[in-house]
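Got your viewer open and your selection tool ready? Let's go on a walk, one stop at a time.

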Amino acid sequence: MNKAEKKDVKLVRDKSPGYRERQRRAPLYEKLERHAAAHPHPFHVPGHKMGHSFDTGGSARFGSVLELDLTEISGMDDLHDPAEVIAEAQELAAEAFGAEETRFLIGGSTVGNMALIMAVCRPGDKILVQRNCHKSVFHGMMLARANPVYIVPAVDPDSGVAVGLRREDVERALQAHPDAKAVFLTNPTYYGMGIDLAKMAATVHRYDVPLLVDEAHGSHYGFHSAFPPSAMQSGVDAAVQSTHKMTTALTMSSMLHIQGNRINRERLARCLAMLQSSSPSYLLMASLDLARRHLVLEAAEEWDELFPLLAKLRESVAALSWLELVGSGSGSVYTSMDPLKLMLTLRTRDMDGFGLQQMLEDAGIYPELADVGHVLLAASSGTRAEDIHQLILTLESAPCQPQRPFQRLVQPGMVSSSFLREQAMPIHEAMEAELIRIPLEQALGRIAGEMIIPYPPGIPLLTPGERMDASLLELLKELRKSRVRFQGVDDAGLQTILVVR
């Protein structure tokens with residue numbers, strides 16, 4: 001990248017005179033620092049009193065941040081009724097992310113997804129939902145007592161994983177369900193694959209319903225020319241971002257961005273007040289303030305240093321006959337791939353994805369996810385040269401031979417077929433119905449009373465109210481033999497399942 005191109009990248013977010021100067025502020029963090037520097041006498045919660053009382057063994061590690069772990073005392077503002085430094089920090093975030101309004105979330109993207117659904121749906125309302133959404137979307141529909149109309153995602157034939165929705169499928173669903181209150185989808189997916197959100201937003205808005213996006217893994221989008229446009233840049237009505245996943249906020253710190261008039265913002269604020277803690281963490285909120293500033297002022301240069309390292313990694317993987325890396329371009333069913341998401345697909349019988357995960361962890365390398373046929377690595381502006389070097393050395397030392405002829409461990413379409421089943425009962429009714437436990441082998445034709453969620457990525461294979469069919473039953477039996485961890489189920493070993501009586 002030449003100097004002129006680098007300048008363009010750095011200015012990709014410059015929108016008005018004084019933008020970068022304003023974005024140098026971190027008002028909430030700065031307020032916390034000023035308060036700590038005054039050495040106050042804290043007669044308020046939390047009980048560690050700005051670190052004066054804390055576990056001796058942990059004080060050396062935690063001590064420097066405990067001074068900033070405050071509560072809603074004078075001058076610190078209130079997340080649920082912001083008017084001072086939190087309001088200013090949220091306004092700076094809205095400007096940076098291209099939103100009309102931004103709300104800080106201290107319960108992860110989970111709370112934002114649930115609040116959005118509760119804001120747009122009343123009991124009995126329909127909502128069109130991408131079937132491979134995160135579990136929080138399904139929990140939101142339960143809380144709202146909404147009726148989902150699931151839209152099955154396309155499947156990438158190269159990797160076998162479910163990706164995004166086709167616009168024609170969404171439009172058919174909108175035509176069939178003109179009373180739907182919103183469309184909810186995920187972009188990018190956990191694996192980094194994305195669709196053309198601008199075209200999707202134009203399609204959805206022709207029916208005058210809001211497009212809501214779980215953008216948990218895309219908080220960096222729009223901040224560098226190497227990344228796709230963000231949901232806000234694409235005209236989406238609301239997007240929830242896990243600012244802690246691919247950017248630098250503390251874990252559980254997220255943001256909700258809103259624009260346009262299709263969402264009742266007062267109702268959304270009430271839903272957030274119900275779902276978020278009445279004692280929000282100022283450490284988490286300050287980390288959002290700083291993560292925004294870092295994205296605007298510093299992250300692009302760090303990514304510029306990272307991209308050549310990732311290119312070297314891709315070259316190394318390309319030379320291995322037993323492993324392949326999903327490309328950084330577009331596939332047949334997705335239009336973009338996050339260059340920071342590295343999805344390794346195995347093409348050997350010597351090792352499955354869990355075996356590769358174990359080999360990497362033995363070398364001190366901890367992946368984001370493993371399944372039978374894949375290992376997912378998530379890089380970021382914090383990924384170092386030594387991280388990439390150790391990864392390359394470990395992969396090149398693996399004693400694996402290619403499978404000839406090559407047959408994928410996860411067949412294309414298998415993931416998609418797991419989403420094709422009858423919704424026999426509304427999801428919230430199934431959760432409240434009388435349930436019984438039966439052996440998994442006897443579940444064919446029964447209505448599920450619980451979720452079955454391989455984790456990560458947290459996408460349910462089965463949701464309450466869906467009827468068990470033969471293809472899913474066989475898939476669950478196969479997954480039960482592997483090292484997949486399940487959430488949502490009462491029996492983690494998946495020997496039994498809860499179904500509606």
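Before the first stop, one term: a residue counts as buried with under 20% relative accessible area, as exposed with over 50%, and as partly exposed in between. Keep in mind, too, that you're looking at a predicted model.

**Stop 1: a bridge from strand 9**

Select Glu-324 first. Its relative accessible area is 22%, so Glu-324 falls in the partly exposed class. Now add Arg-347, and you'll see the two side chains meet in a salt bridge, 3.9 Å from N to O. This pair ties together distant parts of the chain: Glu-324 belongs to strand 9 (residues 323-325), while Arg-347 sits in the loop between strand 11 (341-346) and helix 13 (353-362), 23 residues apart. Arg-347 has 24% relative accessibility, so it is partly exposed.

Why do such partners meet? Side chains of opposite charge can pair when their charged atoms come close.

**Stop 2: more charged partners**

Next, select Glu-441 and Arg-480. They form a salt bridge too, at 2.7 Å from N to O. Here as well, distant parts of the chain are linked: Glu-441 is in the loop between strand 14 (435-439) and strand 15 (453-454), Arg-480 is in helix 17 (residues 470-481), and 39 residues separate them. Glu-441 is partly exposed at 40% relative accessibility, and Arg-480 is partly exposed at 21%.

Then jump to Asp-169 and Arg-166, whose side chains make a salt bridge of 3.2 Å, N to O. Which of these two is buried, and which is partly exposed? Asp-169 is at 16%, so it counts as buried. Arg-166, at 36%, counts as partly exposed.

Finish with a foursome: select Arg-25, Glu-30, Glu-88 and Arg-293, which salt bridges link into a network. How many salt bridges does a search of the whole structure find? The answer is 26.

**Stop 3: helix 12**

Select residues 299-318 and show them as a cartoon. This is helix 12, with 20 residues; at 1.5 Å a residue it should span 28 Å, and its end C-alpha atoms are 28 Å apart, so the two values agree. Now look along the helix for Leu-306: helix 12 bends there by about 25 degrees. Within four residues after that comes a proline, Pro-308.

Turn on the side chains. Several residues of helix 12 are buried, among them Ala-299, Trp-303, Leu-306, Phe-307 and Leu-310. Keep Trp-303 and Phe-307 selected and add Tyr-221 and Phe-227. Ring pairs link these four into a cluster.

**Stop 4: rings and a patch on the surface**

A pair of aromatic rings is described by the distance of the centres and the angle of the planes. The whole structure holds seven aromatic pairs. For one of them, select Phe-54 and Phe-62: the ring centres are 5.5 Å apart and the planes lie at 45 degrees, so this pair is tilted. Phe-54 is partly exposed at 34% relative accessible area, and so is Phe-62, at 44%.

Now add Val-65, which lies in helix 4 (residues 56-66). Val-65 is partly exposed as well, with a relative accessible area of 34%. Switch on a surface view to see what Phe-54, Phe-62 and Val-65 make: a nonpolar patch with about 250 Å² of accessible area together.

**Stop 5: backbone oddities**

Most residues other than glycine have a negative phi, and most peptide bonds are trans. Here are some spots that go the other way.

- Select Val-45 and Pro-46. A cis peptide bond joins them, with omega about 5 degrees. Pro-46 is in the loop between helix 3 (27-37) and helix 4.
- Lys-49 is also found in the loop between helix 3 and helix 4. Its phi is positive, about 50 degrees, although Lys-49 is not a glycine. At 28% relative accessibility, Lys-49 is partly exposed.
- Move on to Asp-77, in the loop between helix 4 and helix 5 (85-97). Its phi is positive too, near 70 degrees. Is Asp-77 buried or exposed? With a relative accessible area of 8%, Asp-77 is buried.
- Last, select Asn-187 and Pro-188. The peptide bond between them is cis, with omega near -5 degrees, and Pro-188 sits in the loop between strand 4 (183-186) and strand 5 (193-194).

Note on methods: Residues are numbered from 1 along each chain as its sequence is written. This is a predicted model: local features need pLDDT of at least 70, side-chain atom pairs count only at pLDDT 80 or more; totals for chains, interfaces and linings use all residues. Side-chain values use heavy atoms; hydrogens and water are left out. Helices (H or I, at least four residues) and strands (E, at least two) are DSSP runs, numbered from the N terminus. The expected span of a helix is 1.5 Å times one less than its number of residues. The bend at a residue is the angle between axes fitted to the seven residues ending there and the seven starting there. Buried means under 20% relative accessible area, exposed over 50%, partly exposed in between (1.4 Å probe, protein chains only). Patches are made of residues with over 30% relative accessible area and no salt bridge: like charges are joined within 9 Å, nonpolar side chains (Val, Leu, Ile, Met, Phe, Trp, Tyr) within 5 Å. Accessible areas come from the Shrake-Rupley method with a 1.4 Å probe; for residues, only the protein chains shown count as cover. A salt bridge is a side-chain nitrogen of Lys or Arg within 4 Å of a carboxyl oxygen of Asp or Glu. Rings of Phe, Tyr and Trp (its six-membered ring) pair if their centres lie within 6.5 Å; planes under 30 degrees apart count as stacked, over 60 as edge-to-face and the rest as tilted.
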